[in-house]
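Work through the exercises below with the model open beside the text, and try each task before reading its solution.

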2 protein chains.
Amino acid sequence: MAESMQGIKRTHRCGELSGANAGQTVTVMGWVQKNRNKGGLVFIDVRDRSGIIQIVFEEGSTDSGLIEKAAKLRAEFVVAVTGEVKKRSGAVNENLSTGDIEIIPSQLRILSESETPPFPIEENSKTKEEVRLKYRYLDLRRPDLQKNMIMRSQVATLTRQFLAEEGFLEIETPILIGSTPEGARDYLVPSRIHQGHFYALPQSPQLFKQLLMCSGYDRYFQIAKCFRDEDLRADRQPEFTQIDMELSFVDVDDVIDVNERLLAKLFKDVLGVEVVLPIPRMTWQEAMDRYGSDKPDTRFGMELTDVTDVVKDCEFAVFKGAIENGGTVRGINAKGQGGMPRKKIDKLVDFARDFGAKGLAYIAVQEDGSVKSSFAKFMKEEEMSGLIEAMGGENGDLLLFAADKNKVVWDVLGNLRLELARQMELLDKSEYKFLWVTEFPLLEWNEEQERYTAMHHPFTMPMEEDLEYIDTDPGRVRAKAYDIVLNGNEIGGGSVRIYHQDVQNKMFEVLGFTPEKAQEQFGFLLNAFKYGVPPHAGLAYGLDRMVMLMAKEDSIRDVIAFPKVKDASDLMTEAPTAVEEKQLEELGLSVTVQE
Amino acid sequence: MAESMQGIKRTHRCGELSGANAGQTVTVMGWVQKNRNKGGLVFIDVRDRSGIIQIVFEEGSTDSGLIEKAAKLRAEFVVAVTGEVKKRSGAVNENLSTGDIEIIPSQLRILSESETPPFPIEENSKTKEEVRLKYRYLDLRRPDLQKNMIMRSQVATLTRQFLAEEGFLEIETPILIGSTPEGARDYLVPSRIHQGHFYALPQSPQLFKQLLMCSGYDRYFQIAKCFRDEDLRADRQPEFTQIDMELSFVDVDDVIDVNERLLAKLFKDVLGVEVVLPIPRMTWQEAMDRYGSDKPDTRFGMELTDVTDVVKDCEFAVFKGAIENGGTVRGINAKGQGGMPRKKIDKLVDFARDFGAKGLAYIAVQEDGSVKSSFAKFMKEEEMSGLIEAMGGENGDLLLFAADKNKVVWDVLGNLRLELARQMELLDKSEYKFLWVTEFPLLEWNEEQERYTAMHHPFTMPMEEDLEYIDTDPGRVRAKAYDIVLNGNEIGGGSVRIYHQDVQNKMFEVLGFTPEKAQEQFGFLLNAFKYGVPPHAGLAYGLDRMVMLMAKEDSIRDVIAFPKVKDASDLMTEAPTAVEEKQLEELGLSVTVQE
């Protein structure tokens with residue numbers, strides 16, 4: 001049976017000790033990381049969240065009973081050790097912050113024993129993620145995950161501190177709200193008191209934060225849990241966290257200003273990285289034209305070139321057909337990749353097809369100036385050289401072209417550009433390139449539903465100069481919306497909101513809401529708009545993704561303490577689970593499927 | 001149509017202006033609070049969250065077009081005013097922080113118009129709460145609610161800052177978890193991917209924070225949303241907020257120490273109130289004996305006196321019977337209430353019956369020393385005088401007695417004591433009396449389920465010296481549990497946790513869990529206990545209630561931005577609502593009740 005900690009008190013965390021403590025008697029508590037017996041010596045590494053300290057049990061200087069006890073310690077036992085800090089007599093361990101000291105123990109207590117864990121507690125674990133998630137409480141002991149969780153906590157603390165100083169109030173909005181079919185799928189919560197009725201979990205605090213502006217709170221923020229019942233892609237979680245904010249009496253520039261200073265503070269204080277302000281801005285149109293993406297990774301070039309004019313008279317049917325159908329021909333230049341083997345190029349063509357391309361035309365300029373191309377035979381020689389010139393093609397370059405409707409061309413080349421950057425190892429995780437993307441289209445055409453849907457959400461303010469097109473050419477109307485992009489990831493986005501009832505009604509009309517439906521779903525917001533609403537705007541960050549990038553991780557699961565897997569289940573707790581029949585009866589529900 | 005804010009910028013919030021700004025040109029934005037025309041003068045009071053400023057439109061100094069525009073302003077219009085700050089020429093308004101200044105406007109824009117609101121935006125509203133909750137976005141404009149929300153934000157900010165400085169990490173735990181039938185009723189969330197299975201919303205992050213200790217995070221905190229699907233009493237909400245914390249390698253005193261300093265900081269920084277440390281401590285037994293309550297209001301005395309020994313030989317059947325049944329006779333002395341009219345005393349008797357008393361015996365000592373009593377006829381004279389003496393009864397006092405099992409006696413007199421204090425106006429909301437109540441019973445007998453249930457929760461550590469009784473006399477075992485009580489309200493509570501698997505298994509056994517059931521429900525925690533668990537302890541505050549007391553409010557609805565009412569519905573959004581059939585189909589559910 002393990003011992004209690006009655007009568008002893010921890011004086012330091014392990015990693016807090018240094019040479020400055022030499023000669024002091026200290027008490028540390030933590031987990032046994034390693035136990036080595038060497039001659040009459042027993043070395044124990046004790047670990048806590050701050051680091052590792054070595055304890056040395058040596059015949060002569062340590063009581064022999066203690067040495068015996070120490071020799072029996074196994075990995076992950078929890079111990080309390082009291083002893084004197086000494087400069088190491090042996091070699092300094094450069095891998096440890098405490099590598100030049102050790103503790104000579106006078107007392108050892110075993111607070112808790114451990115079975116052999118299913119995988120070793122170590123950095124860069126090679127254990128399958130599934131196993132680690134099942135034993136998440138052990139996985140979370142690994143120093144890399146601990147570093148991530150500590151960083152996440154730091155980001156939250158600094159954010160709150162900064163926003164409080166800027167006059168933002170932290171106000172909690174409800175989790176049990178009404179369901180609004182617009183947007184992603186809601187998680188529902190059955191009501192017991194009102195059987196047959198349901199709450200929904202919020203996809204964001206959007207409506208409530210706008211109401212708070214309507215109520216005069218001026219500046220609101222919240223680090224808010226949000227929920228979406230979507231089929232999970234690699235990097236989505238059913239519940240995720242937003243840094244959510246809203247400001248009154250502001251326009252685009254005010255929101256951007258406060259957020260640039262927030263980002264600069266976070267990256268400076270957490271990572272020591274200087275973010276040069278102002279962060280560059282780019283309109284959505286320019287981002288699509290130059291990078292084929294509304295969230296361009298600007299750590300590298302390889303920009304898109306529109307060569308429609310150059311090839312408009314050529315006989316290559318693919319180019320010709322695309323142009324005749326109102327599309328364009330655009331290309332990217334993968335510098336120095338002209339020697340890429342045919343097989344690898346074919347893989348790029350397959351990759352392009354995954355994004356909707358019918359094919360991918362290429363010109364591989366060889367080092368000797370000769371050219372291998374999939375479509376040279378359809379082109380005159382001067383057309384080819386004109387095209388290579390337009391692309392800035394030099395000996396050794398690989399030129400890749402897509403020809404289709406703009407949307408497809410952008411998507412294909414935008415993704416191809418990223419794929420090539422990965423292959424060419426152009427992406428450095430320790431480089432942080434921010435970009436504001438602005439002037440997004442207000443609406444996008446939804447082929448499936450055959451109607452316009454809001455690109456941001458139905459409360460986004462149209463740009464005043466485009467309002468005249470809202471009835472005749474809705475797709476042309478730009479919005480006062482902005483995204484903040486980091487290394488090709490959208491880490492946040494927001495907009496100036498509509499604050500006049502008539503504009504909001506017009507927006508619902510364009511989105512195909514009947515006045516009744518709008519009233520039914522957003523009645524309380526429309527009603528609020530009757531009583532004096534300030535101009536307001538806001539922004540929300542995806543905290544999980546932001547911290548993931550700061551921690552240089554590839555998955556948000558590595559910055560969430562208890563994440564769910566792709567099928568939205570929790571491998572540790574096994575949630576969701578069956579419940580007792582009585583619980584369903586109380587809710588007036590029955591399950592219509594076989595389990 | 002209202003105007004835009006293009007080209008203008010707010011320079012100050014209204015309440016931020018003072019005599020120091022005299023002579024400056026400023027721009028304020030806010031809501032029209034009042035509009036008075038007086039001769040050629042128009043006075044507009046503009047309100048924002050910081051306060052109110054008066055704008056004076058005067059013929060001669062203001063453009064006549066502006067005066068006309070101003071005269072048309074109505075309550076709750078949103079305006080932007082640019083003008084010069086001047087010392088008031090007229091009388092200073094002592095009710096306003098800006099009462100000695102006014103703005104002479106050069107520009108006025110109407111940013112948004114308002115219909116006449118359904119109730120006036122003013123302090124101490126007399127409008128029915130139901131109406132105010134339906135129009136919560138307007139109710140939230142009232143200065144008293146704004147003051148509360150700002151205070152709540154301040155409490156959260158200071159708490160986070162303090163705990164971060166004390167080495168606590170803020171770690172988010174999941175909202176979609178597994179259902180655990182122990183405790184209150186869970187809110188369920190049907191899974192779409194795993195049809196027929198359900199998540200639950202957490203009643204607290206208890207299990208997860210213990211796992212985080214197991215994972216070595218050492219000090220965790222979170223301001224966490226918690227959920228309970230209970231029939232709502234006056235002061236309960238389906239979702240509520242906890243300041244939740246857990247610490248490793250600590251015992252009771254360590255938790256109390258850090259929390260006393262937290263409370264002292266909050267009350268000092270938010271209210272300017274000095275909390276004298278250390279906060280007094282009282283065992284549960286003493287609290288029950290002296291106050292008949294495990295959350296005594298120590299702002300006043302009127303303590304319980306055990307007179308069992310004094311009356312044990314008397315012939316009054318009620319006293320005699322209670323003592324013979326193993327009960328006690330106890331009384332309280334309502335000083336100076338001896339002249340209470342019989343009708344009012346009868347009401348106290350009814351009040352006592354509501355708490356399970358069969359009756360209430362009284363002795364009203366008159367100012368002349370004579371005695372009116374409900375049971376004098378059953379007592380000898382010396383017995384009466386002995387009883388009065390034991391109660392410290394003096395001329396003019398009202399002595400009230402309950403005789404029953406201890407549990408009933410405590411409950412009756414504890415509540416009677418509070419009721420009398422209300423009647424006697426002994427309760428001062430600006431006085432803050434803190435108290436730690438410690439050494440709670442580990443278990444309490446649940447008559448309905450005919451088993452012991454955990455008084456705190458199943459993870460609470462028994463006191464080592466009582467462990468020997470756990471099999472033979474479980475009710476006698478005290479726990480390392482503590483509550484922090486403020487003015488008779490439990491604002492927080494916690495315990496040292498069990499961290500050894502064998503003690504935890506024993507606890508489950510006493511609670512009537514089969515090993516299989518324990519494994520099914522808490523398997524992941526029991527498994528975690530196999531791999532080295534540190535001694536740990538924690539505490540959670542009810543943030544809503546704490547802020548309610550700080551704001552001197554009577555309802556937590558007044559410190560929650562968007563609260564629900566007693567039937568758990570939201571009067572503003574009308575949640576919960578019916579949902580589309582398609583949504584239920586996707587979940588594999590059907591509603592079995594008629595709506």
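**Exercise 1: the interface between the chains**

In this predicted model, 128 residues of chain B are in contact with 128 residues of chain A. Describe how chain B and chain A are related by a turn and a shift, and how much area they bury between them.

Solution. Begin with the superposition: a turn of 180° with a shift of 0.0 Å along the axis lays chain B on chain A with an RMSD of 0.0 Å. The two copies are therefore related as by a two-fold rotation axis. The same surface serves both copies, since 100% of the contact residues of chain B recur in chain A. Turning to area, chain B and chain A bury about 11200 Å² between them, and 58% of this is on carbon and sulfur atoms. Finally, 16 salt bridges are counted between chain B and chain A.

**Exercise 2: salt bridges across and within chains**

Determine for the salt bridge of Glu170(B) and Arg160(A), and for that of Lys265(B) and Asp269(B), where the partners lie and whether they are buried or partly exposed.

Solution. The side chains of Glu170(B) and Arg160(A) meet at 2.3 Å, N to O. Because Glu170(B) belongs to strand β6 (residues 169-170) of chain B and Arg160(A) to helix α4 (residues 143-165) of chain A, the pair joins two chains. With buried meaning under 20% relative accessible area, Glu170(B) counts as buried at 9%, and Arg160(A) counts as buried at 6%.

For the second pair, the N to O distance is 3.2 Å, and Lys265(B) and Asp269(B) both lie in helix α6 (residues 252-271) of chain B, four residues apart, about one turn of the helix. Lys265(B) is partly exposed with a relative accessible area of 21%, and Asp269(B) is partly exposed with 37%.

**Exercise 3: annotated residues at a cavity**

Among the residues that an unreviewed UniProt entry lists for "binding site" are Gln237(A), Leu543(A) and Asp544(A). The lining of the second largest cavity includes these three residues. Place Gln237(A) and Asp544(A) in the fold and describe their surroundings.

Solution. Gln237(A) lies in the loop between β9 (219-227) and β10 (239-248) of chain A, and is buried, with a relative accessible area of 6%. Asp544(A), by contrast, is found in helix α15 (residues 543-550) of chain A, and is buried at 5%. Leaving aside residues up to four places away in sequence, Gln237(A) touches residues including Ile556(A) and Ile560(A); among the contacts of Asp544(A), counted likewise, are Ile556(A), Ile560(A) and Arg152(A).

Definitions and conventions. Residues are numbered from 1 along each chain as its sequence is written. Chains are lettered from A and ligands numbered from 1 in the order in which they are written. This is a predicted model: local features need pLDDT of at least 70, side-chain atom pairs count only at pLDDT 80 or more; totals for chains, interfaces and linings use all residues. Side-chain values use heavy atoms; hydrogens and water are left out. UniProt positions are given in the numbering used here, feature names are shortened, and annotations may be inferred rather than shown by experiment. On a 1 Å grid over the protein atoms alone, a cavity is a set of points where a 1.4 Å probe fits but cannot get out, and a pocket is an open set with protein on both sides within 12 Å along at least five of seven lines; lining residues have an atom within 4 Å of a point. Buried means under 20% relative accessible area, exposed over 50%, partly exposed in between (1.4 Å probe, protein chains only). Contact means heavy atoms within 4.5 Å. Copies are superposed by least squares on the C-alpha atoms of residues with pLDDT of at least 70 in both. Buried area is the accessible area (1.4 Å probe) that two parts lose on being put together, summed over both. A salt bridge is a side-chain nitrogen of Lys or Arg within 4 Å of a carboxyl oxygen of Asp or Glu.
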